[in-house]
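Trainee: Please take a close look with me at a single part of this model, the part built from strands, and follow it outward to whatever can be connected with it. I would be glad if each term came with its cut-offs.

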Amino acid sequence: MPPKVNLEKCDGCKAQDEPLCEQVCPGDLMTLNDNQQAYCRATRDCWDCMCCTKICPVGAIETTIPYQLGYYGAKLVPMMGTNSITWTSQDIHGKVERFRIKTRTEQD
Ligand code: SF4
Ligand code: SF4
């Protein structure tokens with residue numbers, strides 16, 4: 001599912017020339033609107049890589065889980081750590097689970 005930008009949180013990467021979500025999108029799909037907030041300009045071309053979701057420094061981008069996997073209302077939100085990424089999933093009943101995955105740079 002294409003990224004959904006929370007306009008309450010997106011600060012346009014504080015007016016950087018090119019916001020982070022735009023920098024990392026392999027399809028060059030993310031851009032800013034007239035209010036300097038991000039949106040996906042071609043949702044049908046998004047292939048759900050979640051790079052934009054992971055890079056956003058303020059957690060403004062959510063990825064909803066496809067209907068076939070989790071029904072509408074379920075979501076998956078990443079939080080980047082220094083050496084790991086924590087994924088929070090929420091199902092349609094509000095049940096929350098978290099999964100912490102080591103990144104390749106983590107030292108044991
Ligand atoms: S990375 Fe986050 S804060 Fe920056 S423009 Fe994109 S959605 Fe907004
Ligand atoms: S999920 Fe990937 S392809 Fe889709 S808009 Fe974000 S960075 Fe681009």
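Mentor: Two strands are taken as paired if DSSP finds at least two bridges between them, and the strands themselves (E, at least two residues), like the helices (H or I, at least four), are DSSP runs numbered from the N terminus. The model is predicted, so local features need pLDDT of at least 70 and side-chain atom pairs count only at pLDDT 80 or more, while totals for chains, interfaces and linings use all residues. Residues are numbered from 1 along each chain as its sequence is written, chains are lettered from A and ligands numbered from 1 in the order in which they are written, and side-chain values use heavy atoms, with hydrogens and water left out.

The sheet is open and has 5 strands, which follow one another in the order 1-4-5-6-7 with antiparallel pairing. Strand 1 (4-5) and strand 7 (96-102) each have a single partner strand and stand at the edges, so one side of each is left without a neighbour in the sheet. The partner at one of these edges is strand 6 (residues 84-90), which runs antiparallel to strand 7 and is joined to strand 7 by 7 bridges. Within that pairing, Ile85 has Ile101 of strand 7 as its bridge partner.

Turning to strand 4 (residues 61-64), we find Glu62 there, and at 17% relative accessibility Glu62 counts as buried (under 20%, with exposed over 50% and partly exposed in between, using a 1.4 Å probe and protein chains only). The side chain of Glu62 makes a polar contact, at 3.4 Å, with the side chain of Lys75; such a contact is a pair of N or O atoms within 3.5 Å, one able to donate a hydrogen and the other to accept it.

For Thr63, there is a distance to a loop residue: Glu18 and Thr63 are 45 residues apart in sequence and 21 Å apart in space, C-alpha to C-alpha. Glu18 itself belongs to the loop between helix 1 (12-15) and helix 2 (20-24) and, at 35% relative accessibility, counts as partly exposed.

Strand 4 also leads us to a ligand, since Ile61 is one of the residues surrounding ligand 1 (a heavy atom within 4 Å). Others around ligand 1 include Cys10, Asp11, Gly12, Cys13, Pro19 and Cys21, together with Leu32, Ala38, Cys56, Pro57 and Val58.
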